[in-house]
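Please open the structure in your viewer and keep the sequence panel beside it. This tour goes from one selection to the next and tells you what is there at each stop.

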Amino acid sequence: MELKITCIPGDGIGPEIVAEAKKVLNVVADKFGHTMRYTDILMGGASIDVHGVPLTDEAIETARSADAVLMGSIGGDTTTSPWYKLPPNLRPEAGLLGIRKALNLFANLRPAVLYGELRGACPLKEEISAAGFDMIIVRELTGGLYFGDRKTTEENGVRKAVDTLVYDENEIRRIAVKGFEIAGKRWKKVTSVDKANVLDSSRLWRSVVEEVAKDYPDVTLEHMLVDNCAMQLVKDPAQFDVILTENMFGDILSDEASMVTGSIGMLASASLNDTKFGLYEPSHGSAPDIAGKDVANPIATVLSAAMMLRYSFDLDREADAVENAVKQVLQDGYRTVDILSDGCKRVGCKQMGDLLAERIR
Ligand code: NAD
């Protein structure tokens with residue numbers, strides 16, 4: 001199979017971690033008989049330095065013509081970098097918002113996995129972390145409260161602000177379909193999170209999710225109120241497989257879920273549209289404090305590449321091979337500095353990429 005991938009190395013540690021993800025993908029290609037065709041584009045600060053804007057139309061077109069996009073991370077030190085003296089629409093992050101919008105990436109996937117070897121980093125009590133967890137949060141990304149009408153007014157000296165939470169059934173249906181399809185590739189359980197005891201938008205959410213569930217009889221659906229879900233994530237995270245939720249709830253819950261893993265350098269993410277196309281990137285930022293030092297953990301980006309194999313290319317065996325290589329490297333005691341603990345062998349970014357590649361070969 002030929003895989004056309006646009007790469008966005010980006011800023012800070014971005015180029016280092018993308019290089020390691022490519023190293024791993026190239027070994028997957030050799031082993032399983034695929035051809036990788038990469039095209040790099042500039043985005044964020046790297047694009048500002050060359051073109052004066054964080055994303056050009058040409059870069060969007062290059063991304064659009066690929067099957068998937070693999071990204072490192074964008075942005076610089078927000079207090080010292082000259083990029084942050086520019087108006088907001090010309091800063092690095094505007095590039096990311098621009099590409100998500102241009103490619104209609106409405107589904108955000110954030111896995112939160114607690115690896116046995118990294119249990120010590122989990123901030124939860126030992127009896128909870130001992131069970132481990134492996135969940136994925138499927139968050140609606142382009143609707144709801146963050147995109148509804150908003151205004152601030154003043155009446156008789158009293159300031160008043162209003163934000164609007166709007167969803168139509170089509171927006172709910174397309175994200176629900178993604179949630180059920182992803183659950184079908186995992187343990188076949190969807191927990192749909194809403195606030196249906198209070199909000200009309202949540203009652204519509206619940207009813208559309210139930211309609212979609214009828215097309216996936218092998219997937220179990222349960223509903224959970226968002227306040228309860230926030231508690232369950234720290235009380236019993238092992239119960240979750242796919243958490244399906246709207247934009248604001250997903251924003252908050254996905255950060256909570258990633259924090260309970262305790263390992264920012266391990267967390268992958270993806271944003272998908274209604275085709276197989278997706279943009280895959282680590283959940284962390286560009287870590288300018290450690291850029292260029294060969295100490296960054298490339299695993300979040302490597303795991304994002306595994307998600308790309310699974311969700312954009314339906315190459316489940318290949319994705320499994322990458323995920324298993326990560327588990328093996330951890331079992332063998334290798335750690336980058338961010339996940340280092342007593343008795344483990346410290347390695348840099350490049351060596352971690354080499355170790356992962358060796359285990360796939
Ligand atoms: P950050 O995630 O870049 O860094 C937070 C801390 O985690 C730092 O100490 C960093 O060294 C460490 N860290 C992050 N990734 C690591 C890795 N792979 N290996 C080892 N250590 C790692 O967050 P920040 O410092 O708040 O943001 C830095 C820049 O990244 C900002 O410009 C911010 O806007 C940008 N950012 C970009 C994205 C994105 O591209 N999607 C996301 C978040 C932040």
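The tour begins with the whole chain, moves on to the ligand, and ends with a few single residues.

**The whole chain**

Before selecting anything, keep in mind that this is a predicted model. Show the chain as a cartoon, and you can follow its secondary structure through 12 helices and 14 strands. The chain has a radius of gyration of 21 Å, close to the 21 Å that the globule rule gives for 361 residues, so it is as compact as a globular protein of that length. If you turn the model along its principal axes, the C-alpha atoms fill a box of roughly 60 × 50 × 40 Å.

Now switch on the surface, which comes to about 15,900 Å² of accessible area, with 51% of it belonging to carbon and sulfur atoms. Beneath that surface, 53% of the 361 residues count as buried. When contacts between residues at least 6 apart in sequence are considered, 74% of them join residues at least 24 apart.

**The ligand and its surroundings**

Select the ligand next, and display the 22 residues around it, of which Gly-76, Glu-93, Gly-285, Ala-287 and Asn-297 come nearest. This shell divides into 10 nonpolar, 8 polar and 4 charged residues. Colour strand E3 (68–73) and helix H4 (92–102), since each of these elements supplies at least two residues of the shell.

Which atoms of the protein should you look for beside the oxygen and nitrogen atoms of the ligand? Start at Ile-74, where a backbone N or O atom lies 3.1 Å from an oxygen atom of the ligand. Then select Asp-289, whose side chain has an N or O atom 2.9 Å from an oxygen atom of the ligand. Finally, go to Asn-297, where a polar backbone atom is 2.9 Å from a nitrogen atom of the ligand. Taken on its own, the ligand has 810 Å² of accessible area, and the protein covers 69% of that area.

**A buried lysine**

Leave the ligand and select Lys-22, which you will find in helix H1 (residues 14–32). Is Lys-22 buried or exposed? Its relative accessible area is 19%, and buried means under 20%, so Lys-22 counts as buried. Show the side chains of Lys-22 and Asp-40 together, and you will see that a polar contact of 3.3 Å joins them. Leaving aside residues up to four places away in sequence, Lys-22 touches Cys-7, Tyr-38 and Asp-40.

**Three stops in loops**

Select Gly-120 in the loop between strand E4 (107–114) and helix H5 (126–129). Gly-120 is exposed, with a relative accessible area of 78%. Add Thr-261 to the selection: although 141 residues separate the two along the chain, the C-alpha atoms of Gly-120 and Thr-261 are 9.6 Å apart.

Continue to Asn-156, which is placed in the loop between strand E6 (150–155) and strand E7 (158–163). Asn-156 is exposed, with a relative accessible area of 81%. Look at its backbone as well, for Asn-156 has a positive phi of about 50° although it is not a glycine.

The last stop is Asp-294, in the loop between strand E12 (278–282) and helix H10 (299–312). Here too the residue is not a glycine, and phi of Asp-294 has a positive value, near 55°. With a relative accessible area of 30%, Asp-294 is partly exposed.

Definitions and conventions
Residues are numbered from 1 along each chain as its sequence is written. This is a predicted model: local features need pLDDT of at least 70, side-chain atom pairs count only at pLDDT 80 or more; totals for chains, interfaces and linings use all residues. Side-chain values use heavy atoms; hydrogens and water are left out. A residue is near a molecule or strand if one of its heavy atoms lies within 4 Å of it. A polar contact is a pair of N or O atoms within 3.5 Å; within protein, one must be able to donate a hydrogen and the other to accept it, and residues adjacent in sequence count only if both atoms are side-chain atoms. Accessible areas come from the Shrake-Rupley method with a 1.4 Å probe; for residues, only the protein chains shown count as cover. Helices (H or I, at least four residues) and strands (E, at least two) are DSSP runs, numbered from the N terminus. Ala, Val, Leu, Ile, Met, Phe, Trp, Tyr, Cys and Pro count as nonpolar, Asp, Glu, Lys and Arg as charged, and the others, Gly among them, as polar. The radius of gyration is taken over C-alpha atoms; the globule rule is 2.2 Å times the number of residues to the power 0.38. Buried means under 20% relative accessible area, exposed over 50%, partly exposed in between (1.4 Å probe, protein chains only). Contact means heavy atoms within 4.5 Å.
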